[in-house]
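Open your viewer and get ready to click along. Each stop on this tour tells you what to select and what you will find there.

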Amino acid sequence: MHEETAVADFGLDTTPRSLADVAHDAIARFRGGDLGPVPALLAIVTLVAVFGLANPSTFLSVGNFANLLEQASAVIVIAMAVSFSLLLGEIDLAAGFTAGVAAAVMATRLQDGWDLPSAVLLSAVVAVALGMFTGFMVAKVGIPSFVVTLANFLIFQGILLLLVKEGGTVGIDSELIRDMVGASLSPTQSWIFVVIALALFAAFEVRTQRASHGAVPMSLVAMKVAGTTAVAVIATLLLNENRALARANIEIKGMPVVVPLVLLLLVSITFVLDNTRAGRHLYAVGGNAEAARRAGIRVDRIKLAAFTACGLLAGVGGYFLASQINSVSATTGANDTLLLAVGAAVIGGTSLFGGKGRMINAALGGLVLALIDNGLPLVGKRSVFWLVEVDFSSSGVKAIAAGLALLVAASVDALSRKSAG
Amino acid sequence: MSTSLATEPLLELRGVNKSFGSVHVLHDVDFRVHAGQVTSLIGDNGAGKSTLVKSIAGIHPIDSGEIRFEGEDVAIRGPRDAAELGIEFVYQDLSLCENLDVVQNMFLGRERLRRGLLDKSSMEQAARDTLATLGVRTVKSVRQPIRSLSGGQRQTVAIARAVLWNSRIVVLDEPTAALGVAQTEQVLALVRRLADQGLGVVLVSHNMNDVMSVSDRVSAMYLGRMAADIEVTASTTKEQLVGLITSGQRAGNPTTDTHGDDT
């Protein structure tokens, strides 16, 4: 009986809906300003098309594809860290230096002869402490996060300088760290990974469909799984090609290790945010802190926890940074990385106003920025509108392009918020 | 009529005083809430309505006086005490997270867990059942984000949330202040239904039409004192209520039939 009343009253929740209904809803959401990751996906497609046309032989090569994924990894992980602060409606401008400090702590400990687990553990503890410090200043002292992390920007940079000595570079001798960014799975391992990942994804989607009482049509699940499978299979086929230079007498093939590593982080953090009380409360505090407080949520604790998670994850991003160049210097996590990480999350569709965003957005935004970084130099010198000669490979153009991408993404965010009103 | 007076009030405040520094806001206030009734609390701005409500909520604990719940002396020293007694509040400025959906808001801060993880399907079912028992038909899906709902729908969700917790008393602070005519009607119908289901409902309102249409009793405050506690009958007029608000006296027969009529 109970069930029947409920069905009658909330038909949308329990009556099966068609693909057309779902598409209709999606368009309505889109019109309402909830664009999600769509702009980032469009940007990826556009950038690939533009750069592919401009320089097909280099940009569209398998080697460049693998390179792109490896370039993007550190920014993506740090962007995921920054997402924790953005979900609160706060910001962390110092996440890049948190990453740098964590990497430097690890590198110097290794240099002093510590074993890898101890060095990693200490650096993780340091990253957590830095995050907690930020969280304490924001949640307990009540300083705007913009100011706290601006100060931290200088403080953490100072710590990094002291650790690596001015102008110094600390090399990393650990094979495991060096392999994080750079090594690849064997072609067989790549296939095993892809098959397992796809199976888990399909199982998860089907489970969600079952729990939705038909509100999610099975055809949509089928399309999602088929689409993902197609992308994954094509990517794996490409990555399993030999991508060593023609002259080289070694073979480089298989999926770069960063892909499963980043995916693992992405999926596990997303799961925690979607399925735990703390995750739910993080979104609540970001959406309406006063409402969360009235609902009995300890807002300051959530903020402290979010900044702590941000610190730890930024630290993990630091390992990726260190692995990229097999060393740590005073510029690890500085300049580009720092700002790109903040930009990546926003470009991916995470709101600057809090409460809206997912880890996948950081990944997509990170890819957009990596594409700009990777593709522009390959465009070379071109005349723009037959007027001015522009050298697209210059770092000036790169910086302007990345900055414009962030502004466009932030405009989309701000405007969609207005229209949702 | 007199039967309602014969029954014991669910919540009773006697001789309550509250000061903020040198400002004496509540003077020997008596206030009663009966189960199954809508008790409206009216009064001009600054009359002490919201201080009284906040003292019940535990936000501003009382300085002196008695609070009785089901005939027993209780102390409400903080919001937790109020929640434990089953007193829930629906605030004027909605306490909802626009980015979360209906279910997520209804269970906010009190999420159900299964094996340490959110038990989404059980929460969804409970939210649907609660809305259904309240006869809510305006919210199409409990998976809609609050952002996509109208003001009336949001207020409905806020009220349903208060009811979800086996609450005994629901206090609504100006629930129709920001709503249009049709939505106001829906919300008032819901307020009435809460009382009909046996809850004690306190409606804080400035709107005499609202008060007249749903209330069983009206408590009127005037300058920090309880000016009158009257039963709403067919002969009660809007003018009488306005008189209570503006002068603390009932037009026509001043000072009679105030509180204290239950020996």
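## Stop 1: a salt bridge inside chain A

Select A:E90 and A:K303: these two form a salt bridge, and their closest N and O atoms are 3.4 Å apart. Keep in mind throughout the tour that you are looking at a predicted model.

Where do A:E90 and A:K303 lie in chain A? A:E90 lies in the loop between α6 and α7, while A:K303 is in helix α16 (residues 299–325), so the pair ties together parts that are 213 residues apart in sequence. To find the loop, colour α6 (62–87) and α7 (95–111) of chain A and look between them for A:E90.

Now switch on the surface. A:E90 is buried, with a relative accessible area of 14%. A:K303 is also buried, at 17%. The side chains of A:E90 and A:K303 are joined by a polar contact of 3.4 Å as well.

Next, show what surrounds A:E90. Leaving aside residues up to four places away in sequence, A:E90 touches A:S85, A:V138, A:S145, A:K303 and A:F307.

As background for this stop, side chains of opposite charge can pair when their charged atoms come close.

## Stop 2: a salt bridge between the chains

Select B:E111 and A:R277. They form a salt bridge too, with the closest N and O atoms 3.7 Å apart. B:E111 lies in the loop between α4 (102–106) and β7 of chain B and A:R277 lies in helix α14 of chain A, so this pair joins two chains.

Are these two partners buried or exposed, or something in between? B:E111 is buried, with a relative accessible area of 2%. A:R277 is partly exposed, at 35%.

Zoom out to see the whole interface of chain A and chain B. One salt bridge is found across it, and nine residue pairs are in polar contact there (both at pLDDT 80 or more). Which elements of chain A should you colour to see the side that touches chain B? Those giving two or more residues are α1 (2–9), α2 (11–14), α13 (258–275), α14 (277–287) and α15 (289–294). The largest share comes from α14(A), with six residues. Sorted by class, this side of chain A has 13 nonpolar, twelve polar and nine charged residues.

How many residues does each chain bring to the contact? Chain A gives 34 residues and chain B gives 32. About 2,900 Å² is buried between the two chains, and carbon and sulfur atoms give 54% of that area.

## Stop 3: a pair within one helix

Stay with chain A and select A:R294 and A:E290. Their side chains meet in a salt bridge of 3.0 Å, N to O. The two residues are four apart in helix α15 of chain A, so about one helical turn separates them. On the surface, A:R294 counts as partly exposed at 26% relative accessibility, and A:E290 as partly exposed at 33%.

Over in chain B, select B:R32, B:R217, B:D229 and B:E231 together: salt bridges that share partners join them into one network. Over all chains, the structure holds 24 salt bridges.

## Stop 4: two backbone angles in chain B

Before the next clicks, a little background: most residues other than glycine have a negative phi.

Select B:R115, in the loop between β7 (113–114) and β8 (117–118) of chain B. Its phi is near 50 degrees, a positive value in a residue other than glycine. B:R115 counts as exposed, at 76% relative accessibility.

Then move to B:E174, in the loop between β9 (169–173) and α7 (181–196) of chain B. The phi of B:E174 is also positive, near 45 degrees. B:E174 counts as buried, at 11% relative accessibility.

## Stop 5: a distance and two cysteines

Select A:I192 in helix α11 (residues 187–211) of chain A. A:I192 is partly exposed, with a relative accessible area of 49%. Draw a line from its C-alpha atom to that of A:L68: the two residues are 124 apart along the chain, and their C-alpha atoms are separated by 22 Å.

Finish with two cysteines. A:C310 counts as buried, at 0% relative accessibility, and B:C97 counts as buried at 0% too. How many disulfides are there over all chains? The count comes to zero.

Terms used
Residues numbered from 1 in each chain as written. Chains lettered and ligands numbered in written order. Predicted model: local features only at pLDDT ≥ 70, side-chain atom pairs only at ≥ 80, totals over all residues. Heavy atoms only, no water. Disulfide = S-S within 2.5 Å. Buried < 20%, exposed > 50% of the residue type's maximum accessible area, 1.4 Å probe, protein only. Contact = heavy atoms within 4.5 Å. Buried area = accessible area lost by both parts, 1.4 Å probe. Salt bridge = Lys/Arg side-chain N within 4 Å of Asp/Glu carboxyl O. Polar contact = N/O pair within 3.5 Å; in protein donor to acceptor, adjacent residues only side chain to side chain. Nonpolar A, V, L, I, M, F, W, Y, C, P; charged D, E, K, R; others polar.
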